[in-house]
Amino acid sequence: MTVWQIIILASIAVLALKLAGYLVPPVLLQRPTPSRIADLLTVALLAALIAVQTLGSGQALTVDARIPAVIVAAGLFAIKTPFIVVVLVAALVAAGLRALT
């Protein structure tokens with residue numbers, strides 16, 4: 001199987017999964033438990049993605065300038081700083097730490 005065949009099959013599978021989501025009755029999704037699970041699952045998946053992208057390097061954990069930059073970004077988000085400022089400050093922190101090493 002070529003890479004393009006795998007990509008096409010994966011695309012079809014994702015489309016089928018998305019279409020299957022439309023078949024779920026709205027009453028089921030309006031119950032408190034599924035709604036809460038969906039909200040928490042979204043946050044957990046995003047946190048896992050951030051952790052993997054920040055700490056991962058192939059199969060190993062990497063401790064570098066990204067960790068302080070993410071911590072600074074989280075602190076700025078906690079005090080409700082505008083997004084563009086958070087991105088710029090975090091980038092400057094990472095660049096500054098990389099320049100020091």
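I began with residues 6–25, where I find the end C-alpha atoms 31 Å apart and a span that is 80% helix and 0% strand; I note here that the model is predicted. I had chosen this stretch from UniProt, whose unreviewed entry lists residues 6–25, 37–55 and 67–97 under "transmembrane region".

I then looked up residues 37–55, for which the end C-alpha atoms lie 26 Å apart, and the chain over this span is 100% helix and 0% strand.

Next I turned to the chain as a whole, in which I count 5 helices and 2 strands, and reading from the N terminus I wrote the order of elements down as α-α-α-β-β-α-α. Because the radius of gyration is 20 Å, well over the 13 Å that the globule rule gives for 101 residues, I describe the chain as more spread out than a compact globule. Along the principal axes the C-alpha atoms fill a box of roughly 55 × 45 × 25 Å, and 9% of the 101 residues count as buried. Looking at contacts between residues at least 6 apart in sequence, I see that 29% join residues at least 24 apart.

Last, I examined one helix pair, α3 (residues 32–55) with α4 (residues 66–78), which pack at an angle of about 145° with their axes 9 Å apart, in a crossing that is right-handed. On the α3 side I find Q53, T54 and L55, which meet R66, I67 and V70 of α4. Sorting the residues of this contact by character, I get 3 nonpolar, 2 polar and 1 charged.

Technical notes:
Residues numbered from 1 in each chain as written. Predicted model: local features only at pLDDT ≥ 70, side-chain atom pairs only at ≥ 80, totals over all residues. Heavy atoms only, no water. Axes fitted to C-alpha atoms, helices over the stretch in contact; angles between N-to-C directions. Helix = DSSP H or I, 4+ residues; strand = E, 2+ residues; numbered from the N terminus. Left-handed = near helix turned anticlockwise from the far one by under 90°. Contact = heavy atoms within 4.5 Å. Nonpolar A, V, L, I, M, F, W, Y, C, P; charged D, E, K, R; others polar. UniProt positions renumbered as here; feature names shortened; annotations may be inferred. Rg over C-alpha atoms; globule rule 2.2 N^0.38 Å. Buried < 20%, exposed > 50% of the residue type's maximum accessible area, 1.4 Å probe, protein only.
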